[in-house]
Amino acid sequence: MKITNLLNKKLNKKSSSKEMFARDILKGLLAENKNISSKYFYDDLGSKIFQKITRHKDYYPTRKEIEILSKNIPVLPRIINDDKIDIIELGPGDGSKSKIIIESFMSSDYKVNYYPIDISKKALNLISKKIKPNNKLFIHGINGEYLSGLKFIKNKSKNLKLVLFLGSNIGNLRKQQSEVFVKNIKKNLYKGDYVLLGFDLKKDIKILNKAYNDSSNLTKKFNLNLLKRINNELNGDFQINKFEHVGLYNPKLGAMESYIVSKVNQRVKIKNLSQTFDFKVYEPIHLEYSFKYSIDDIQHLCIKTGFTSVKNFYDSKKYFTDVLWRND
Ligand SMILES: C[S@@+](CC[C@H](N)C(=O)[O-])C[C@H]1O[C@@H](n2cnc3c(N)ncnc32)[C@H](O)[C@@H]1O
């Protein structure tokens, strides 16, 4: 698989990806409410742990979305009704879902150009093992941020485009940010192009809390791995066992929130940042939101961003939905 690296180019003419990581960690840990962006979860170990989470019995989103895709996606090639398509995927992870979608287009005799865009090189490596090019399938991976990847691909071909943003990645954005983000996707599409978006639906809070606090402590390991990544890449001296993972549902926001909480008063040094950071006992570092949607929220987003809703696909329990919108 051909891979274009947009990350090691100087981003915004200012910094490389390593410099950006260092700058974001410094900014986040100096903030009044400490935070680390969830986009940094997926180093090699983080990607491996995430794959295990997706297979865990307590974590329903991947299972439910695969159920939706396996049952419903064969109708997509008929709805789109062409013979060639550019499938662009934002944050594909290991490509399990991508494979189902690509195969359904190929078996309907489409010629497919597949462009996975992921900030994690590890994710693209997993895809190149899982999905092999052939005479009906061309694959070009982009190692970069979602929108810079989309912009890069926009002028590559005039084929009809289908943008995939699955796994409720959209839920990591606050509601207002998600509107801006979807409008930015739209700017990089032509008339008649499609998006398929995955949304985790609002549901019984017990089911949510269980999914984000799995009984094998995989999510705990996944979140604390961020501190390991800082130790490895920025020469930090975080003692991982002195921090705790906390995942809880905030009903007012309608979102799961993930934190790392300091168990003691402690000072941490990060050599490459030439900085020490003080953590008070029980002080949180915010990592991630995972916003849950109602059908009305989704419809509202569709209208606000100027797409036309074509079809909503659901799993049997209505835990999750993948929605198909057209750019008319
Ligand atoms: C939660 S995983 C989801 C994977 C897949 N979409 C699924 O449904 O299973 C998120 C993926 O998005 C990638 N990612 C997160 N933030 C990103 C960003 N800003 N730009 C590009 N990729 C990003 C991560 O590296 C990871 O592979």
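# Exercises around K132 and the ligand

K132 is in contact (heavy atoms within 4.5 Å) with L137 and I139, leaving aside its neighbours within four places in sequence. This is a predicted model: local features need pLDDT of at least 70, side-chain atom pairs count only at pLDDT 80 or more, and totals for chains, interfaces and linings use all residues. Residues are numbered from 1 along each chain as its sequence is written, and side-chain values use heavy atoms, with hydrogens and water left out.

**Exercise 1.** Find where K132 sits, and decide whether K132 is buried or exposed.

*Solution.*
- Step 1: Place the residue. K132 is in the loop between α6 (121-130) and β4 (137-143). Helices (H or I, at least four residues) and strands (E, at least two) are DSSP runs, numbered from the N terminus.
- Step 2: Apply the cut-offs. Buried means under 20% relative accessible area, exposed over 50%, partly exposed in between (1.4 Å probe, protein chains only). K132 has 54% relative accessibility, so K132 counts as exposed.
- Step 3: Look for a polar partner. A polar side-chain atom of K132 lies 3.1 Å from the backbone oxygen of S128.
- Step 4: Compare sequence and space. K132 and M1 are 131 residues apart in sequence, and their C-alpha atoms are 7.8 Å apart.

**Exercise 2.** Work out which residues of α6 are buried and what they pack against.

*Solution.*
- Step 1: List them. K122, A123, L124, L126 and I127 are the buried residues of α6.
- Step 2: Recall helix geometry. An α-helix has 3.6 residues a turn, so residues three or four places apart point the same way.
- Step 3: Name the partners. The buried residues of α6 pack against β1 (2-5), α2 (44-55), β3 (111-118) and β4.
- Step 4: Check the N-terminal end. S120 caps α6 there, with a side-chain oxygen 3.3 Å from the backbone nitrogen of K122.

**Exercise 3.** Describe the surroundings of the ligand: which residues come nearest, and how much of its area does the protein cover?

*Solution.*
- Step 1: Find the shell. A residue is near the ligand if one of its heavy atoms lies within 4 Å of it. There are 18 residues around the ligand, and Y42, G91, K97, D118 and E145 come nearest.
- Step 2: Sort by class. The shell has seven nonpolar, six polar and five charged residues. Ala, Val, Leu, Ile, Met, Phe, Trp, Tyr, Cys and Pro count as nonpolar, Asp, Glu, Lys and Arg as charged, and the others, Gly among them, as polar.
- Step 3: Read the distances. A backbone N or O atom of G91 lies 2.7 Å from a ligand nitrogen. A polar side-chain atom of K97 lies 2.6 Å from a ligand oxygen. A backbone N or O atom of G167 lies 3.3 Å from a ligand oxygen.
- Step 4: Add the cover. On its own the ligand has 590 Å² of accessible area (Shrake-Rupley method, 1.4 Å probe), and the protein covers 91% of that.

**Exercise 4.** Find D109 and K318, and state the sign of phi for each.

*Solution.*
- Step 1: Recall the rule. Most residues other than glycine have a negative phi.
- Step 2: Take D109. This residue lies in the loop between α5 (96-107) and β3. D109 has a positive phi of about 65°. With a relative accessible area of 59%, D109 is exposed.
- Step 3: Take K318. This residue lies in the loop between β12 (308-314) and β13 (320-326). K318 has a positive phi of about 55°.

Definitions and conventions
A polar contact is a pair of N or O atoms within 3.5 Å; within protein, one must be able to donate a hydrogen and the other to accept it, and residues adjacent in sequence count only if both atoms are side-chain atoms.
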